[in-house]
Amino acid sequence: MMRLRDFVNDVIFRPDRRSYWHPAHFGLKGEGFSCAADDGETLSGLVIQALNCESRNARGTVLFCHAALMNLQFHLPQAAFLAQAGFNVAMFDYRGFGGSAGRSRMSTIGGDARCVLSWIEESPWANPNMSLFGQGLGCDAALQLLHRVPQRFQHLILEAPYARRGGWLRERWGPLIGDVAARAVKIDEPEPEVVLAEVRTPALVFYPEHCTFVRRGQRRRVAESLSGRAACVEVPGAKFLGIFGTGRTEPQARVLEFLSHHA
């Protein structure tokens, strides 16, 4: 079972250590950091500084949980608009991604996010106005963290969350392979739909119209778990990770208005 679990996790996660984007590409400044995961493995991160702001004068700090593809540099275009609008953005790599040591598993991504939050709280980037932003698998990491500290975050923004891990794998890989994969990655953390039904943090959930990461069944379950407490927005014509990283977009404006309204 252990070998099967490792194989499934290796298929789910797609890490690399290549160089992609840097804050300077977006007219921004960044500061790297490292912190220790629960088992002592070193996690690597980057704080993108709010444009033309000292840390204490920023509008808030956003903890960004990327989609577990390549590494955090690959996802800089997804988060740059937040820093350009005056928010500090803390990004990090899960174990095995970018500069982080170890090996990623479904059972460790939430713990990685908790360790990064602990680092932020002891750093100059701590801010009373804290927000969580997750995309793809990063939604699961963000929701696991939110379940542990539901009062710490004032806003939750998600792109393409699934409702249940097993249901997501079955919809993606079919009933036979999906069933095997679902048993292999079962973890002792609440399912995303359970967290979404319990928390009272204001939330904004986006789904690209042409999303291949999460199928329709899981989207419906997420919408049901929100029970009208949060906006669930389908973005016409968009693909996964194509909502926030391509110039100025209406979803970006909606996120910034959401963060301002609930601040």
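Student: Which residues form the aromatic cluster here?
Tutor: Phe64, Phe81, Phe133, Phe206 and Phe244 form one aromatic cluster. Keep in mind that this is a predicted model.

Student: Okay! And how many aromatic pairs are there in the whole structure?
Tutor: A search of the whole structure turns up 14 aromatic pairs. One of them is Phe81 with Phe244, which is stacked: the ring centres are 5.7 Å apart, with 5° between the planes.

Student: Why does that pair tie together parts that are far along the sequence?
Tutor: Look at where the two residues sit. Phe81 belongs to helix H2 (residues 76-84), while Phe244 is in the loop between strand S10 (231-239) and H9, so the pair connects parts that are 163 residues apart in sequence.

Student: Are Phe81 and Phe244 buried or exposed?
Tutor: Phe81 is buried, and Phe244 is buried too.

Student: What about Tyr162 and Phe213, why is that pair called tilted?
Tutor: It comes down to the angle. Their planes are at 40°, and a pair counts as stacked under 30 degrees and as edge-to-face over 60, with the rest tilted. The ring centres of Tyr162 and Phe213 are 6.3 Å apart.

Student: Where in the chain are those two?
Tutor: Tyr162 is in the loop between S8 and helix H5 (165-173), and Phe213 is in the loop between S9 and helix H8 (216-226). They are 51 residues apart, and the pair links distant parts of the chain. Both Tyr162 and Phe213 are buried.

Student: New topic: the sheet. What order do the strands come in?
Tutor: Eight strands make an open sheet, in the order S2-S3-S6-S4-S7-S8-S9-S10, with mixed pairing. From one strand to the next, the twist averages 20°.

Student: Which strands stand at the edges, and why is one side of each left without a neighbour?
Tutor: Strand S2 (30-36) and S10 stand at the edges. Each has a single partner strand, so one side of each has no neighbour in the sheet.

Student: Let's zoom in on S8. How many of its residues are buried?
Tutor: Strand S8 covers residues 155-159, and five of its five residues are buried. Both faces are covered: His155, Ile157 and Glu159 are on one side, with Leu156 and Leu158 on the other.

Student: Which strands does S8 pair with, then?
Tutor: Strand S7 (residues 130-135) pairs with S8 in the parallel sense over five bridges. On the way from S7 to S8 the chain passes through helix H4 (residues 137-148), and this β-α-β crossover is right-handed. S8 is also joined to strand S9 (residues 203-210) by four bridges, and those two run parallel.

Student: What are the bridge partners of Glu159 in all that?
Tutor: Glu159 is the bridge partner of Gln135, and Glu159 also stands opposite Phe206 in S9.

Student: And how many bridges join S9 to S10?
Tutor: Six bridges join S9 to S10, and they run parallel. Within that pairing, His210 stands opposite Lys239 in S10.

Student: Which strands does H9 touch?
Tutor: H9 packs on the sheet and touches S7, S8, S9 and S10. The direction of H9 makes about 170° with that of S9. Helix H3 (residues 109-121) lies across S2, strand S3 (42-48), strand S4 (61-65), strand S6 (88-92) and S7, and runs at about 115° to S2.

Student: I clicked on Gln252 in H9. Why does Gln252 count as buried?
Tutor: Gln252 counts as buried because its relative accessibility is 4%, and the cut-off is under 20%. H9 itself spans residues 250-261. Leaving out residues up to four places away in sequence, Gln252 touches Phe81, Phe244, Gly245 and Gly247.

Student: Last thing, how many residues are in the largest nonpolar core?
Tutor: The largest nonpolar core has 61 residues, and those with the most contacts inside it are Ile12, Leu63, Leu132, Leu137 and Phe213. H4 gives the most to this core, with seven residues.

Student: What is Ile12 in contact with?
Tutor: Leaving aside neighbours within four places in sequence, Ile12 is in contact with Met106, Leu137, Trp168, Leu169, Trp173 and Val185. There is also a second, separate core of 29 residues, and Phe244 is in that one, along with residues including Met91, Ala238 and Leu259.

Terms used:
Residues are numbered from 1 along each chain as its sequence is written. This is a predicted model: local features need pLDDT of at least 70, side-chain atom pairs count only at pLDDT 80 or more; totals for chains, interfaces and linings use all residues. Side-chain values use heavy atoms; hydrogens and water are left out. Buried means under 20% relative accessible area, exposed over 50%, partly exposed in between (1.4 Å probe, protein chains only). Two strands pair if DSSP finds at least two bridges between them. A crossover is right-handed if, with the strands pointing away from the viewer, the path from the first strand over the helix to the second runs clockwise. Contact means heavy atoms within 4.5 Å. A nonpolar core is a set of buried Ala, Val, Leu, Ile, Met, Phe, Trp, Tyr and Cys residues joined through side-chain atoms within 4.5 Å. Rings of Phe, Tyr and Trp (its six-membered ring) pair if their centres lie within 6.5 Å; planes under 30 degrees apart count as stacked, over 60 as edge-to-face and the rest as tilted. Axes are lines fitted to C-alpha atoms, for helices over the stretch in contact, and angles run from 0 to 180 degrees between N-to-C directions.
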